[in-house]
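Subject: Handover of a structural model

Dear colleague,

Please find below the sequence and structure that I am passing to you. My account of what was found follows directly after them.

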Amino acid sequence: MDPERLDAVARTYTASMTSIRGRRVHRLVTHWLAGYDHVLPTATADGTPALLALSSDGRAAFCHTDGRGPSADVVTCGPTPGVTVTSAHDLTKDSLPVLRWTVRHPGLLDVAGPLTITPGDADRDEIEAALRPR
């Protein structure tokens, strides 16, 4: 997606947030959703604003936060059907570190349920490389 268009979508999405939180969510959105073909403003079932990112290769991502609370989640899926990875980012820190990843894989749900990985369990760069859709 064009960086200027993504910046405009992110600014509109974060306009109602406090300045510090808005800047952090803006940075989160422009970093994590930059590799998608389209980022669209949308709303959840309860009407809360969100962003939906789509790529021609079948990947999708979803960001939903009002900028309040301790973290903001980015949910990614595809191209493997049924696999989702949720990364929870710490909104209280300017660096937006990942607090945890939650992996839902259809082949493992019956055995283990959703799996949670924390950055201290393994090397952060390795985890991000393995879990972040390409």
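Two strands are taken to pair if DSSP finds at least two bridges between them. The model is a predicted one, and in it β4 and β5 are joined by seven bridges and run antiparallel.

**The sheet**

The strands of an open sheet number seven, and their order is β1-β2-β3-β4-β5-β6-β7, with antiparallel pairing. As general background, strands of a sheet pair through backbone hydrogen bonds, in either a parallel or an antiparallel manner.

Which strands stand at the edges of the sheet? They are β1 (38-43) and β7 (115-117); each has a single partner strand, so one side of each is left without a neighbour in the sheet. On average, and with direction ignored, neighbouring strands of this sheet are turned by 20° against each other.

Beginning at the β1 edge, six bridges join β1 to β2, and the two run antiparallel. Two residue pairs can be located here: Val39 stands opposite Ala53 in β2, and Ala43 stands opposite Pro49 in β2. The hairpin of β1 and β2 has five residues between the strands, and Gly47 takes a positive phi near 90° in it.

A hairpin is also formed by β4 and β5, with six residues between them. In its turn, Gly78 has a positive phi of about 85°. Ala72 stands opposite His89 in β5, and His89 in turn stands opposite Val98 in β6. Strand β6 (residues 98-104) is joined to β5 by six bridges, again in an antiparallel arrangement. Of the seven residues of β5, six are buried, so this strand is largely enclosed by the rest of the structure.

**The helices**

The axes of α1 and α2 come within 9 Å and cross at roughly 145°. This crossing is right-handed. On the α1 side, the contact is made by Leu6, Asp7, Ala10, Arg11, Tyr13 and Thr14; on the α2 side, by Gly22, Val25, His26, Val29 and Thr30. Sorted by class, the contact of α1 with α2 has five nonpolar, four polar and two charged residues.

Helix α1 also meets the sheet: α1 lies across β1, β2 and β3, and runs at about 160° to β2.

**The nonpolar core**

In soluble globular proteins, nonpolar side chains tend to be buried together. In this model the largest nonpolar core has 20 residues, and those with the most contacts inside it are Tyr13, Val29, Leu33, Val39 and Leu51. The elements that give two or more residues to this core are α1 (3-14), α2 (19-32), β2 (49-54), β3 (60-64) and β4 (71-77).

What does Leu33 touch, leaving aside its neighbours within four places in sequence? Leu33 is in contact with Leu6, Leu28, Val39, Leu51, Ala53, Ala61 and Val74.

**Individual residues**

Three positions may be of use when you inspect the model.

- Ala53 is found in strand β2. Its relative accessibility is 0%, and because buried means under 20%, Ala53 counts as buried. Apart from neighbours within four places in sequence, Ala53 is in contact with Leu33, Tyr36, His38, Val39, Arg59, Ala60 and Ala61. Ala53 and Thr76 are 23 residues apart in sequence, while their C-alpha atoms are 8.9 Å apart in space.

- Val9 has its place in helix α1. With a relative accessible area of 5%, Val9 is buried. Beyond its neighbours within four places in sequence, Val9 is in contact with Met1, Val39 and Leu51. From C-alpha to C-alpha, Val9 and Thr118 are 30 Å apart in space, and they are 109 residues apart in sequence.

- Thr80 lies in the loop between β4 and β5 (84-90). Is Thr80 buried, partly exposed or exposed? Its relative accessibility is 47%, and because partly exposed covers values between 20% and 50%, Thr80 counts as partly exposed. The C-alpha atoms of Thr80 and Val25 are separated by 27 Å, and the two residues are 55 apart along the chain.

Yours sincerely

Conventions. Residues are numbered from 1 along each chain as its sequence is written. This is a predicted model: local features need pLDDT of at least 70, side-chain atom pairs count only at pLDDT 80 or more; totals for chains, interfaces and linings use all residues. Side-chain values use heavy atoms; hydrogens and water are left out. A nonpolar core is a set of buried Ala, Val, Leu, Ile, Met, Phe, Trp, Tyr and Cys residues joined through side-chain atoms within 4.5 Å. Buried means under 20% relative accessible area, exposed over 50%, partly exposed in between (1.4 Å probe, protein chains only). Helices (H or I, at least four residues) and strands (E, at least two) are DSSP runs, numbered from the N terminus. Contact means heavy atoms within 4.5 Å. Axes are lines fitted to C-alpha atoms, for helices over the stretch in contact, and angles run from 0 to 180 degrees between N-to-C directions. A crossing is left-handed if the near helix is turned anticlockwise from the far one by less than a right angle, and right-handed if clockwise. Ala, Val, Leu, Ile, Met, Phe, Trp, Tyr, Cys and Pro count as nonpolar, Asp, Glu, Lys and Arg as charged, and the others, Gly among them, as polar.
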